[in-house]
Amino acid sequence: MKDTDLMKAVDLLKAGEVVAYPTEAVFGLGCDPFDRNAVEKLFHVKQRPMEKGVILVAASVDQIQPYVQLSGTPWEASVLGTWPGPVTWVLPLKKAMPDWITGGRDTVAIRVSDHPVVQQLCNAFGQPIVSTSANLTTQPPARSCKEVVEAFGDSLFCLKGELGGLDKPTQIRDARSGQILR
């Protein structure tokens, strides 16, 4: 990945646009989670209902600390034992987040990724971004920029990079119960 491509992706995120990028298993679609218009664009592109909420992805635990209950909790060691890495955790909120992120719940699904492109993108953007699979709701997820273009046309910028080697999307676990949700 070229630095100019990374900066283009960051500029697009800051402008409220949706970008595609490689993750651990599939290409993801991302945007600024705190920009309602950007999230609405993402749902429109995916043809997905907004009530479901979204997963956020971050480069470090520091990026998510302001939002979730983690420090000093009974689940802290379990969560931190998998991060950075390919496990998404549903964590209780420390402070309110918009319903378009949480789906109206008092929790948020979030992952601190060890994927180098995701880390570079979140670090350069300065905060977590939305992470949802790059596909129309009923279709299989894209596994390359070529497949992103086939699914969405060339209107989305796709940040090139290798997938992280997982065969299926990351596991999702509930921090309070430890239950595997996906």
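This passage describes salt bridges in a predicted model and the exposure of the residues that form them. In this model, local features require pLDDT of at least 70 and side-chain atom pairs count only at pLDDT 80 or more, while totals for chains, interfaces and linings use all residues. Residues are numbered from 1 along each chain as its sequence is written, and side-chain values use heavy atoms, with hydrogens and water left out.

A search of the whole structure identified five salt bridges, a salt bridge being a side-chain nitrogen of Lys or Arg within 4 Å of a carboxyl oxygen of Asp or Glu. One of them joins the side chains of Glu-40 and Arg-36, with an N to O distance of 2.8 Å. These residues stand four apart in helix 2 (residues 36-46), and Glu-40 and Arg-36 are therefore separated by about one helical turn; helices (H or I, at least four residues) and strands (E, at least two) are DSSP runs numbered from the N terminus. Glu-40 is partly exposed at 31% relative accessible area, where buried means under 20%, exposed over 50% and partly exposed in between (1.4 Å probe, protein chains only).

A salt bridge within helix 7 (residues 145-152) pairs Lys-146 with Glu-150, with 3.0 Å from N to O. Lys-146 is exposed, at 60%, and Glu-150 is likewise exposed, at 55%.

Asp-106 and Arg-176 also form a salt bridge, their closest N and O atoms being 3.7 Å apart. This pair links distant parts of the chain, 70 residues apart, with Asp-106 in the loop between helix 5 (99-102) and strand 5 (107-112) and Arg-176 in the segment after strand 9 (171-174).
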